[in-house]
Each structure stands twice: as structure tokens, then as C-alpha cells.
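This briefing goes through a single protein model, topic by topic, for a reader at the bench. Please keep the sequence and the three-dimensional view at hand while reading.

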Amino acid sequence: MGKDVIIACDFDSAEKTFAFLDKFTGKKPFVKIGMELYYAEGPSIVREIKKRGHKIFLDLKLHDIPNTVKKSMAVLSRLDVDMTNLHAAGTIRMMEGALEGLTRPDGTRPLLIAVTQLTSTDQESMEKDLLIEKPIADVVMHYAHNAKLAGLDGVVCSPLEAGKVHETCGEKFLTVTPGVRFADGDIGDQKRVMTPAEAKKIGSDYIVVGRPITAAEDPVAAYERCVREFVD
Ligand code: C5P
């Protein structure tokens, strides 16, 4: 799969989601469905968006015992999503179980991406709350390496970490990066941001963009600008 822009559809209802997607009359963007929308509407929202012709990244960040994750991934795989994810903190065995569950009888499967440390976790909270005392950058790279050992396709990471992840895990190991903002845009609650053009330069494979598109006056124009800066 080549580089692409994934729109984070962080809406709390199908109605709002379709009102947004209806604005796109030409190209069908790759969309991310997260916990908020999935818990609000259930699996039917995935089927409906898929039926409209969009690729889907189902961002549910699974983390449980290997057997439960394996069986849950088998269910998600039948929804025919294109990409899904889990927490690398669930261990290599959990990630291997997830891959097994995700693989369909015909051998195909959605891409599987690991979350390393959430970008909301900083060094202090990692040490105090989780008793992990290594530098956070090392922890992120170690988790990325574990994901690679387990056979996963890549990680979700900050665009600032994408270059290092490729150095550690290889060029083909995918980096999916949120925290993207236009040079002249609002950064909101994101702390470490990059423009789509910078994310391209540093080697992100997919950028995940929410509010710079969903809250734009003209979401289609904002999406097209992202594609121009990141893909073209
Ligand atoms: O609106 P915004 O562009 O900040 O949306 C970014 C999306 O990426 C949101 O859905 C957010 O939950 C997700 N995300 C993130 N940082 C991470 C992991 C996921 O912003 N580390």
C-alpha cells in the first residue's frame, strides 16, 4: 500500500459521520473509526462505510489476554476492515495471537499496527504510574521492535518518531502518524505536531488527520490540501 491520508472520523453518531462523508462526492477517503463512533453505533457503522467504498482503519486498540484478543480479531477481520490495531504492551504473545485471529481462511488479513506508548504518556507518568524507568524513546523503539518480531505491519507513532522507527525496524515497517497540522492552522491539544509535507519528508507512510479536516470550513478542500502536501 502506498502513502495515504486517513481522516479520523471522531463523531459520536452515524448521522454526523454520514453528513461529513456526503461532502466527498469524488474520491472516497481512507477513514479511521475510533472507539467513540464504534461504541456509539456498533459494527453496522463499519459495514455501512465499507459499502460506500471507503478503506477503513478500525482504531480500537485491543489489549487483553492473547486468547481473547485472537478471537476478537477474528470477529473484526470478518468486518472486512483494511487496518486495525492493538497495544504492544499486551506482549509479543498477544500480538502473535492477534495476527492469527486476524488471518482469514483464504490467507488475507487487514494490516495490523501496534500502539507503542500513547503520546499522552510522558516520562514522568510512565515512571510514576507504570514503574517503567527507561527513557521513553527507548521504550517506544523497544515496543516497535517487539511488534516487528511478532510479525505486525507497523506502529502508530508521532511523526517525529517515524524516521527512527524505520531505522530500527526497516523501511517496509509502516508508520501511521497522527499529530498532523497545517503550517497556518490551530494545533489544538496536540503537543508535538508536523505539517503533512514534513511528515512526508521524514517518511511517514500514513498520516491520520482529524480536526484540521473535520472542523475545517471546507473539509474537502482541507483533505485535498493534505493529499497534495503528503502524497503528490
Ligand atoms: O483531530 P486530530 O487530528 O488531533 O485527531 C488525531 C486522531 O488520532 C484522533 O482520532 C486521536 O485519537 C488519534 N491519535 C492521536 N495520538 C495518538 C494516537 C491516536 O492523536 N498517539
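A disulfide is taken here as a pair of cysteine sulfur atoms within 2.5 Å, and by that cut-off the structure holds zero disulfides. The model is predicted, and the points below cover its cysteines, its strands and its aromatic rings.

**Cysteines**

- Cys9 takes part in no disulfide, and the nearest cysteine sulfur, which belongs to Cys226, is 13 Å away.
- With a relative accessible area of 1%, Cys9 is buried.
- For Cys157, the closest cysteine sulfur is that of Cys169, and because the two sulfurs are 9.7 Å apart, they are too far from each other for a bond.
- Cys157 also counts as buried, at 4% relative accessibility.

**The barrel and its strands**

- Eight strands form a closed barrel in the order β1-β2-β3-β4-β5-β6-β7-β8, and their pairing is parallel.
- Neighbouring strands of this sheet are turned against each other by 25° on average, with direction ignored.
- Strand β4 (residues 83–87) and strand β5 (residues 111–115) run parallel and are joined by five bridges, and within this stretch Leu86 of β4 stands opposite Ala114 in β5.
- Strand β6 (residues 154–156) runs parallel to β7 and is joined to it by three bridges, with Val156 having Val176 of β7 as its bridge partner.
- On the other side of the pairing, β7 and β8 are parallel and joined by two bridges, and here Val176 stands opposite Tyr206 in β8.
- The chain crosses from β7 to β8 through helix α9 (residues 196–202), and this β-α-β crossover is right-handed.
- A right-handed β-α-β unit is likewise made by β6, helix α8 (residues 159–169) and β7.

**Both faces of strand β7**

- In a regular strand the side chains alternate between the two faces of the sheet.
- In strand β7 (residues 174–177) both faces are covered, since Leu174 and Val176 on one side and Thr175 and Thr177 on the other are all buried.

**Aromatic rings**

- A pair of aromatic rings is described by the distance of the centres and the angle of the planes.
- The structure holds five aromatic pairs, one of which joins Phe24 and Tyr223 in an edge-to-face arrangement, at 5.6 Å centre to centre and with 85° between the planes.
- Because Phe24 lies in the loop between α1 (14–21) and β2 (30–34), while Tyr223 belongs to helix α11 (residues 219–230), this pair ties together parts that are 199 residues apart in sequence.
- Phe24 and Tyr223 are both buried.
- Another pair brings together Phe30 and Tyr206, whose ring centres are 5.9 Å apart and whose planes meet at 75°, so the pair is edge-to-face.
- Phe30 lies in strand β2 and Tyr206 in strand β8 (residues 206–209), so this pair ties together parts that are 176 residues apart in sequence.
- Phe30 is buried, with a relative accessible area of 2%, and Tyr206 counts as buried at 1% relative accessibility.
- One aromatic cluster is formed by Phe11, Phe20, Phe24 and Tyr223.
- Arg225 lies over the face of Phe182, at 4.1 Å from the ring centre.

Terms used
Residues are numbered from 1 along each chain as its sequence is written. This is a predicted model: local features need pLDDT of at least 70, side-chain atom pairs count only at pLDDT 80 or more; totals for chains, interfaces and linings use all residues. Side-chain values use heavy atoms; hydrogens and water are left out. Rings of Phe, Tyr and Trp (its six-membered ring) pair if their centres lie within 6.5 Å; planes under 30 degrees apart count as stacked, over 60 as edge-to-face and the rest as tilted. Helices (H or I, at least four residues) and strands (E, at least two) are DSSP runs, numbered from the N terminus. Buried means under 20% relative accessible area, exposed over 50%, partly exposed in between (1.4 Å probe, protein chains only). A charge sits over a ring if NZ of Lys or CZ of Arg is within 6 Å of the ring centre and within 35 degrees of the ring normal. Two strands pair if DSSP finds at least two bridges between them. A crossover is right-handed if, with the strands pointing away from the viewer, the path from the first strand over the helix to the second runs clockwise. Axes are lines fitted to C-alpha atoms, for helices over the stretch in contact, and angles run from 0 to 180 degrees between N-to-C directions.
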